[in-house]
2 protein chains.
Amino acid sequence: MKAEIISIGDEILIGQVMNTNAGWLAEQVNLIGISVVRITTIGDNKEEIIGSLDDAGKRADLILITGGLGPTRDDITKQTLCEYFDSELKFNKQAFRDIEKLFEGRGWQMNEKNKKQAELPANAVPLTNKNGTAPGMWFDQDGKIIVSMPGVPFEMKPMITNQVIPKLSEKLQTDTLYHKTVLTQGMGESWISDKIEDWEDKLPQNIKLAYLPQPGMVRLRLSATGQNKKELEKQVNEEIEKLKNIIPDLIFGYNNDSLEEVVGKHLRNNQATVATAESCTGGYIAHLITSISGSSDYYPGSVVSYSNEIKIKELGVSEDDLEKHGAVSEAVVRQMAEGVMKKFGTDYAISTSGIAGPTGGTDEKPVGTTWIAVCSKEKTIAKKFSFGNNRGRNIRVTALQAMNMLRKMIIKN
Amino acid sequence: MKAEIISIGDEILIGQVMNTNAGWLAEQVNLIGISVVRITTIGDNKEEIIGSLDDAGKRADLILITGGLGPTRDDITKQTLCEYFDSELKFNKQAFRDIEKLFEGRGWQMNEKNKKQAELPANAVPLTNKNGTAPGMWFDQDGKIIVSMPGVPFEMKPMITNQVIPKLSEKLQTDTLYHKTVLTQGMGESWISDKIEDWEDKLPQNIKLAYLPQPGMVRLRLSATGQNKKELEKQVNEEIEKLKNIIPDLIFGYNNDSLEEVVGKHLRNNQATVATAESCTGGYIAHLITSISGSSDYYPGSVVSYSNEIKIKELGVSEDDLEKHGAVSEAVVRQMAEGVMKKFGTDYAISTSGIAGPTGGTDEKPVGTTWIAVCSKEKTIAKKFSFGNNRGRNIRVTALQAMNMLRKMIIKN
């Protein structure tokens with residue numbers, strides 16, 4: 001089955017709004033085995049809409065449309081579709097009830113414009129919009145499926161996930177699809193692919209693996225197709241259990257987990273606390289930890305010790321060691337971590353010291369050289385890394401490494 | 001003049017790579033008065049490329065193509081264009097010299113594949129690629145202009161800015177365009193538009209104003225058209241001088257400046273230093289400041305005082321005041337700022353304390369309630385803000401407000 005995506009909106013054509021919908025949509029339908037052959041962006045213009053629909057219909061069996069469903073006059077997608085199908089607008093009870101429910105939930109009053117939004121082309125099946133007033137529309141006409149959805153990502157995405165994808169799977173009588181993404185931190189894509197090669201080769205035919213690398217992180221997506229969702233879930237989880245035995249330290253979570261969230265949960269479950277002493281990451285680890293609501297329960301704070309003076313005075317780093325080994329050294333990160341743990345009376349601590357770049361490197365310690373330490377009351381682990389030349393990336397990658405080192409220490413404790 | 005954009009790349013159609021090129025390109029040509037009527041994304045497929053070119057040619061005078069110019073076999077744009085124009089590949093001296101230069105600059109050896117990249121359709125005018133080996137191509141055929149560029153943004157963007165836009169302006173004999181963006185922080189879009197209404201109404205006919213809001217920031221873009229670039233620059237700067245008199249405190253920079261960069265420059269120029277004491281921003285201000293290379297010259301560090309205990313012990317905040325007024329109060333942020341300035345011996349300090357949300361609000365202090373203080377040796381200024389419910393946004397907006405308060409204090413000192 002082939003699909004085309006049509007994004008409607010003047011704001012995209014003047015470059016004011018980035019079209020993030022199309023790529024996301026493409027990914028979603030690809031995951032159920034439908035390939036996207038073309039993405040077209042046009043303005044809120046009747047001729048353009050009809051022309052694109054005609055063209056797309058020649059190439060594709062499924063047309064996904066976003067945008068132009070708002071209640072204002074510049075939004076003309078619904079009227080144009082009505083005309084395209086030679087249909088007429090009719091009051092749709094289900095759509096009306098959906099809008100009514102939305103307004104009740106928010107304690108708002110419905111106006112005439114909102115009521116009008118429940119008028120849909122007679123041949124449309126309404127799709128519930130949980131986050132807005134414009135219903136989506138599903139058309140099944142002459143062997144083609146045409147789906148029209150709002151352009152607001154927040155409204156469109158749940159409509160796709162909860163209604164369109166299940167309807168498509170059913171319609172196509174395609175196999176059920178189950179996917180789960182394994183999140184890893186600590187090693188690069190090629191290291192992982194070497195390490196898990198045997199496991200990958202032995203994966204059942206119905207499970208596909210995709211590598212999705214990001215700075216400081218590699219995501220492994222397993223997509224399984226079959227008849228029974230429960231069965232697939234079980235099958236995928238069994239494979240993940242095997243994977244966990246091969247790269248136990250790298251896996252920190254699944255799907256939409258973040259490392260800061262996972263570490264926060266481990267700390268909370270253990271009623272433990274952590275403090276941070278940051279040099280090269282300059283507060284970024286503190287920012288990650290505190291981006292989680294409720295983090296004050298396990299995070300009293302941080303000393304961002306950019307200067308050596310603060311390392312000495314606030315964290316108790318030895319002046320001799322600073323002179324002898326430099327700020328980017330094992331001795332210094334160990335003392336930073338232990339110093340902040342003692343100072344703030346926490347159970348764990350993280351410290352970082354490195355040359356984030358792009359300047360400041362030497363022959364002995366080139367840009368990217370970074371020491372990270374994590375400690376508990378029982379022990380301190382320090383590690384040296386050689387990252388790249390990009391300052392922003394080095395800060396991010398260092399922070400993720402440090403958080404994962406802490407995660408490993410907590411679960412082993 | 002009407003334009004269409006064709007983005008070529010299988011990776012976009014499977015949702016693996018976000019098509020950020022098309023929106024950026026649309027914005028750039030819009031700025032010289034060319035409107036984009038359609039954006040089409042297709043795969044690396046000969047029939048699709050030729051079909052899209054045919055269709056686009058019926059609607060537009062200018063076709064901008066990105067992607068498919070790499071040296072590997074899956075990239076077929078150059079061969080397809082050659083076929084489309086019924087032309088033949090010829091060794092192009094200028095393109096070869098450009099590639100040679102690139103390799104010399106990087107100390108690399110050219111291989112056969114690289115040399116082949118200097119072969120272009122005979123009717124193409126090469127466009128220099130300063131950041132890669134694939135030359136761009138400019139075709140002027142049957143009254144249509146077709147431009148083919150690499151898909152890598154880092155290679156494509158300078159090609160557009162430095163070569164395509166000037167050539168288009170010349171070809172179209174359009175007016176020269178000059179634009180400058182004024183960066184403001186402190187008030188929202190509607191407050192600003194009320195305040196500068198008179199100035200906006202009196203802007204010369206050839207200068208257009210666009211409001212570009214972002215969380216915690218409003219950018220004002222002035223676009224002037226005319227004959228002489230120098231004249232336009234002078235004219236725009238005169239208008240900006242008038243604007244500065246109306247909203248002097250809000251303007252912190254121009255074009256691609258960032259607040260952390262601007263504040264860093266002010267500190268450096270004044271040989272001054274700053275420290276931070278962060279509660280609700282949780283290290284994000286420290287992260288912004290240290291994202292600038294060389295910030296260690298003016299930034300010794302920060303105390304992220306998430307807990308009250310650290311506020312008391314490390315920053316000398318009065319326990320009584322914490323109890324009487326709460327952590328989110330004027331008394332506390334004042335003492336935090338003054339405390340960290342004294343502790344780290346800096347010339348300035350910033351402090352923040354607020355309810356970032358989404359939980360933790362009370363009737364008296366709802367989510368978003370935030371106190372910010374900045375201080376110098378002479379004085380401390382504290383301000384209360386009421387931001388929204390979004391944690392990430394509150395952190396960002398608080399940090400920008402705080403940085404701008406510091407900026408104002410430095411320049412008034």
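User: Which residues in α3(A) meet α4(A)?
Analyst: This is a predicted model. On the α4(A) side, the contact is made by A:Thr77, A:Thr80, A:Leu81, A:Glu83 and A:Tyr84. Their partners in α3(A) are A:Lys46, A:Ile49, A:Ile50, A:Leu53 and A:Asp54.

User: How do the residues of the contact of α3(A) with α4(A) divide into nonpolar, polar and charged?
Analyst: Leu and Ile count as nonpolar, and Asp and Lys count as charged. A:Leu53 and A:Asp54 both take part in this contact. The full division is 5 nonpolar, 2 polar and 3 charged.

User: Is α3(A) parallel or oblique to α4(A)?
Analyst: Helix α3 covers residues 46–59 of chain A, and helix α4 covers residues 77–84. Their axes come within 10 Å and cross at roughly 55°. Angles under 35 degrees count as roughly parallel, and 65 to 115 as roughly perpendicular. The crossing angle therefore makes α3(A) and α4(A) oblique.

User: Is the crossing of α3(A) and α4(A) left-handed or right-handed?
Analyst: The angle alone, roughly 55°, describes how the two axes cross. The handedness is a separate point. As α3(A) passes α4(A), the crossing is right-handed.

User: At what angle do α3 and α4 of chain B cross?
Analyst: In chain B, α3 spans residues 46–59 and α4 spans residues 77–84. Their axes come within 10 Å. They cross at roughly 50°.

User: What does that angle make α3(B) to α4(B)?
Analyst: The axes of α3(B) and α4(B) cross at roughly 50°. That angle makes the pair oblique. The contact involves B:Lys46, B:Ile49, B:Ile50, B:Leu53 and B:Asp54 of α3(B), with B:Thr77, B:Thr80, B:Leu81, B:Glu83 and B:Tyr84 of α4(B). These residues divide into 5 nonpolar, 2 polar and 3 charged. So the relation of α3(B) to α4(B) is oblique.

User: Is α11(A) roughly parallel or roughly perpendicular to α16(A)?
Analyst: Helix α11 holds residues 259–269 of chain A, and helix α16 holds residues 391–412. Their axes come within 10 Å and cross at roughly 25°. Angles under 35 degrees count as roughly parallel. So α11(A) and α16(A) are roughly parallel.

User: Which residues in α16(A) does α11(A) meet?
Analyst: The crossing of these helices is left-handed. From α11(A) come A:Leu259, A:Glu260, A:Val262, A:Val263, A:His266 and A:Leu267. The contact divides into 9 nonpolar, 2 polar and 2 charged residues. On the α16(A) side are A:Leu400, A:Met403, A:Asn404, A:Leu406, A:Arg407, A:Ile410 and A:Ile411.

User: How far apart do the C-alpha centres of domain 1 and domain 2 of chain A lie?
Analyst: Chain A is divided into domain 1 (2–171), domain 2 (176–254) and domain 3 (259–412). For domain 1 and domain 2, the C-alpha centres are separated by 34 Å.

User: How are the two copies related?
Analyst: Chain B superposes on chain A with an RMSD of 0.1 Å. The operation is a rotation of 180° with 0.0 Å of shift along its axis. The copies are thus related as by a two-fold rotation axis.

User: Through what do the copies meet?
Analyst: Take the interface residues of chain B. Of these, 100% are also interface residues in chain A. So the copies meet through the same surface.

User: Where does A:Pro358 lie?
Analyst: A cis peptide bond joins A:Gly357 to A:Pro358, with omega about 0°. In chain B, the bond from B:Gly357 to B:Pro358 is cis, with omega near 0°. A:Pro358 lies in the loop between β15 (348–354) and β16 (369–376) of chain A.

User: Where is A:Asp142 found?
Analyst: A:Asp142 is not a glycine, although its phi is positive, about 50°. Its place is the loop between β7 (136–141) and β8 (144–149) of chain A.

Key:
Residues numbered from 1 in each chain as written. Chains lettered and ligands numbered in written order. Predicted model: local features only at pLDDT ≥ 70, side-chain atom pairs only at ≥ 80, totals over all residues. Heavy atoms only, no water. Axes fitted to C-alpha atoms, helices over the stretch in contact; angles between N-to-C directions. Helix = DSSP H or I, 4+ residues; strand = E, 2+ residues; numbered from the N terminus. Parallel < 35°, antiparallel > 145°, perpendicular 65-115°, else oblique. Left-handed = near helix turned anticlockwise from the far one by under 90°. Contact = heavy atoms within 4.5 Å. Domains from an automatic or database assignment. Least-squares fit on C-alpha atoms with pLDDT ≥ 70 in both.
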